[in-house]
Amino acid sequence: MAQLAKTVATLVLLAAMAQALPFSLSAVASAEAEALAKEGQAIRAVPRISIDELKVLMEQKAVVVLDVREPGSFAKGRIPGAINIDYTEILAKGAQFAGEQRTIVAYCACANEMTAARAAVDLAAKGLPGAKALKGGWDEWVARGEPIEK
């Protein structure tokens, strides 16, 4: 019974504190939902490039291939010539591509190239617009029997 009284008192106190806040929690949640929706739109808007298109760019040496998988996966196999930057480090390390004239193509091993597209959005936030995501990513590359570097 004493525990129930404590719980009720805590809930009453929290309700009073929420009413005293200078902003509405629903407004904060709404703003956060709006920001997430915009981020989702930006990720979906990232251009995708096919494996065949990537291979042409690779032959022309006109591409930087960016593997955004975690380092352990990269070590087990990668698209030849790919550079590994874990997707969680794109914002911190993206500046190394400043002034890059070649097309940047990111790839991952996830559904709908979401991590690669997220990396492209993050690169754009660092002033490097135009990065693309590899359609089908690592899984499609392997399924097609394309060359793998280890």
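Select Lys 55 and Glu 146 to begin: the two residues form a salt bridge, with their closest N and O atoms 3.1 Å apart. The model on display is a predicted one. This pair links distant parts of the chain, since Lys 55 belongs to helix H3 (residues 51–59) and Glu 146 to the segment after helix H7 (137–143), 91 residues apart. Colour the two residues by accessibility next. Lys 55 has a relative accessible area of 28% and is therefore partly exposed, whereas Glu 146, at 11%, counts as buried.

Keep Glu 146 selected and add Arg 144. The side chains of Glu 146 and Arg 144 also meet in a salt bridge, at 3.1 Å from N to O. Arg 144 is partly exposed, with 36% relative accessibility. Now add Asp 52 to the selection: salt bridges with shared partners join Asp 52, Lys 55, Arg 144 and Glu 146 into one network. Across the model, the count of salt bridges comes to 9.

For another of these pairs, move to Glu 89 and Lys 93. Their side chains meet in a salt bridge of 3.0 Å, N to O. Is Glu 89 buried or partly exposed? With a relative accessibility of 31%, Glu 89 falls in the partly exposed class, because that class begins where the buried limit of 20% ends. Lys 93 is likewise partly exposed, at 39%.

The next stop is Ile 90. Show its surroundings, leaving aside neighbours within four places in sequence, and the residues in contact with Ile 90 are Leu 66, Val 68, Ile 85, Ala 119, Asp 122 and Leu 123. Then display the largest nonpolar core, which has 20 residues. Which of its residues touch the most other members? They are Leu 66, Val 68, Ile 90, Phe 97, Ile 104 and Leu 123. Strand E2 (63–67), strand E4 (103–107) and helix H6 (114–125) are the elements that give two or more residues to this core. Helix H6 gives the most, with 6 residues. To view the second, separate core of 14 residues, select Ile 51, Val 63, Ile 79 and Trp 141, which are among its members.

Proceed to Arg 78, in the loop between helix H4 (71–76) and strand E3 (83–84). Arg 78 has a relative accessible area of 13% and so counts as buried. Which backbone oxygens should be picked out around its side chain? That of Phe 74 lies 3.0 Å from a polar atom of the Arg 78 side chain, and that of Lys 150 lies 3.4 Å from a polar atom of the same side chain. Widen the selection to the residues that Arg 78 touches, not counting those up to four places away in sequence: Asp 67, Arg 69, Tyr 107, Trp 138, Pro 147, Ile 148, Glu 149 and Lys 150.

Finish at Gly 130, in the loop between helix H6 and strand E5 (132–134). At a relative accessible area of 49%, Gly 130 is partly exposed, because the exposed class requires over 50%. Add Thr 103 and draw a distance between the two C-alpha atoms: the separation is 7.4 Å, although Gly 130 and Thr 103 are 27 residues apart along the chain.

Technical notes. Residues are numbered from 1 along each chain as its sequence is written. This is a predicted model: local features need pLDDT of at least 70, side-chain atom pairs count only at pLDDT 80 or more; totals for chains, interfaces and linings use all residues. Side-chain values use heavy atoms; hydrogens and water are left out. Helices (H or I, at least four residues) and strands (E, at least two) are DSSP runs, numbered from the N terminus. Buried means under 20% relative accessible area, exposed over 50%, partly exposed in between (1.4 Å probe, protein chains only). A polar contact is a pair of N or O atoms within 3.5 Å; within protein, one must be able to donate a hydrogen and the other to accept it, and residues adjacent in sequence count only if both atoms are side-chain atoms. Contact means heavy atoms within 4.5 Å. A nonpolar core is a set of buried Ala, Val, Leu, Ile, Met, Phe, Trp, Tyr and Cys residues joined through side-chain atoms within 4.5 Å. A salt bridge is a side-chain nitrogen of Lys or Arg within 4 Å of a carboxyl oxygen of Asp or Glu.
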